[in-house]
Every structure is written in C-alpha cells, then in structure tokens.
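Got the viewer open? Let's take a short walk through this one, going from the charges to the whole chain and then to a single side chain.

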Amino acid sequence: MSVSMGQLEEARRALDAPLFADVAGDLNVSFEFFPPKTAKMEESLWDAVKTLEPLGPKFVSVTYGAGGSTRERTHATVARIARETSLAAAAHLTCVEASREEIDAVAEEYWAAGVRHIVALRGDPPTMGDKFVPHPQGYANAAELTAGLKKLHPFEISVAAYPECHPDSVDQASDIDNLKRKIDAGATRAITQFFFTPEAFFRFRDAAAAAGITADIVPGILPVSNVAQTRKFAGMCGAEIPAWMDRLFEGLDDHPGARSLVAATIAAEMCRKLYAGGVRDLHFYTLNRAELSFAICHLLGLRVKRLAGVVAA
C-alpha cells in the first residue's frame, strides 16, 4: 500500500485519538438504491431517499436487471428522483439479454428524461450460475457498452471494479486490463464491488495505478444488515467475508437492533481506515435502507445540508 507521509500521520492520529474525533467531513458520498417491486417497498425506498438527500450526495444510482419489468421500474424510479428531489440520479444499464438497438433506445429515454449519468455494466446472467453469453446483436461487455453510450451522448459513465477479482476473470491482471479498457472507452470513474478489508481496496488501487489507470476508483461500501444475504452476495461476486467478521454476527439473528449497531461499527471503522489512506469518495450500497449509511456518514463528519433554504432534518 503506497501512502504519503501525510496519510501516515493521519493514520497515526486515527490510532492515537478517538477513532472518529473531528473527522473533517471532506468526503463525497453516493448511494445506490434498487427499484421497488411493491407499494410497501416503494414507501421504504422513498423514506431512504428522503433521509439521505440532505447529506448532499454527489449522485444516487438505481440498479437494473434483465427483462422489461425491471427496466421500467428502474426508469420510473430514476425519473421520479430527478423530478421530485435535488439529487443527481444515475441509471444502471447492462448488456444482458438485449440488442444494441434496445439498449441504445433505453439510453435515449434516459437522456430525454434529463439523466446524464449511466452506470454501465456487463451484468449477470438471469440464472445464477450460468455463464454470461452476449446477445447476438448486443454489446459483448461493459467496455463496448461504454463506447456505445459515448457515441449517443456525452454521458458521465461509471463502471464496476473488483478488488478481489471478478468471478469470471482468470486473475487480477486480466481484471485490471478489462478495467483499463472500460476507462479508455470513456468511463469517468470506477466504483468497486463491496469488500470487507481496507487492504483489499488499497492493494487493488495500487495495482490499477501501476497499470496506468488514473481515473477515480471509488470504494463500494456494503453495511451488513443481513449476514445470510451478504454471504450469498459475496459468493456471487467473489468478495471474501473475514472469519472475525462472521464471528461478530454470531448469535444476533434474533436481535436486529444489536445487529445494526455491529454492522455500522464494522463498516464505519473500515471507512475510517480508507479515509486515513487518502480516500475521499465513498459509494454506499444501501439496499433501500438509510440508517446504516446515514450513521456511517455522520461518524465521518458529514452533516445535513440546507435544501431550498430550509434545514433538512
């Protein structure tokens, strides 16, 4: 991990002082949501959006799956965020089960709705465990998708990065080559898959820099509210859950309040170490719940901002 003397001094201060004492709050944050399937889920999504909006995130993003219904829900959610909030909304777009023509049409709809930021992803096969097969008339991967979007409009484009290697990659070198192709195709930044040790991120950041990648690499943070669900996510994307972390959640299945406190503590400590290593941008996978992300941002010194002349609480 290559860090400057200033960062080492900051790291020492983090150890000597109370961990979150006087953290400056000089962070850019962003939040990810998924489109709701039911009226109840819709309500909890909008509660989360409204709770996190006053923190002034750089952007919020909405995930997208294969198939028409998810596509429509994503579009409706992004359009409503753009219409009813002060937030800059980014829409996810994948290559799964769609031709270039269909994907380009979705991108054009976003542009027409005022959306200027796309999270461009290859996407996962609809059936878990299957190998990704490009649509015969589709984009083969995220680099092609990024290049295609850039031909349509000057979108801001975020792409994915994998600190612990994408499950389909042979090794980290090929993974980083793929990331470089995406950046070279016109991506603005990379957002990482979640991880649970700061070392995983720092090693990846150094390897990317050594490969000539100069674009921002933003750590993706998943505050763990459901351990079984997280274990499933981690298995799908190649992220490792440390044994010590597994042990911290033992016996908390029937104690949601305590589980949330433990989750916030673990994620906030990791974010503090990332901050000590020079990280100033964080992307939170909220799972449409605001409390954990809000608490972590608060510990890192972020405070609510004035919205339209009124202090948002």
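Keep in mind that this is a predicted model. Start by colouring the charged side chains: the protein chain has 33 positive and 39 negative ones, and the centres of those two sets sit 3 Å apart.

Next, switch on a surface. About 14900 Å² of the protein chain is exposed, with carbon and sulfur atoms supplying 53% of that area. Of the 313 residues, 48% count as buried.

Now go to cartoon view. You should find 11 helices and 10 strands in the protein chain. The radius of gyration is 19 Å, close to the 20 Å that the globule rule gives for 313 residues, so the chain is as compact as a globular protein of that length. Along the principal axes, the C-alpha atoms fill a box of roughly 55 × 45 × 40 Å. Try showing contacts between residues at least 6 apart in sequence: 79% of them join residues at least 24 apart.

Time to zoom in. Select Lys58, in the loop between α2 (39-52) and β2 (59-62). How exposed is Lys58? Its relative accessible area is 40%, so Lys58 is partly exposed; the partly exposed range runs between under 20% for buried and over 50% for exposed.

Keep Lys58 selected and add what it touches. Leaving out residues up to four places away in sequence, Lys58 touches Asn28, Val29, Ala88, Arg189 and Asp281. For a last stop, draw a distance from Lys58 to Val29: they are 29 residues apart along the chain, yet their C-alpha atoms are separated by 5.9 Å.

Key:
Residues are numbered from 1 along each chain as its sequence is written. This is a predicted model: local features need pLDDT of at least 70, side-chain atom pairs count only at pLDDT 80 or more; totals for chains, interfaces and linings use all residues. Side-chain values use heavy atoms; hydrogens and water are left out. Helices (H or I, at least four residues) and strands (E, at least two) are DSSP runs, numbered from the N terminus. The radius of gyration is taken over C-alpha atoms; the globule rule is 2.2 Å times the number of residues to the power 0.38. Buried means under 20% relative accessible area, exposed over 50%, partly exposed in between (1.4 Å probe, protein chains only). Contact means heavy atoms within 4.5 Å. Accessible areas come from the Shrake-Rupley method with a 1.4 Å probe; for residues, only the protein chains shown count as cover. Lys and Arg count as positive and Asp and Glu as negative; His and the chain ends are not counted. The place of a charge is taken as NZ of Lys, CZ of Arg, CG of Asp or CD of Glu.
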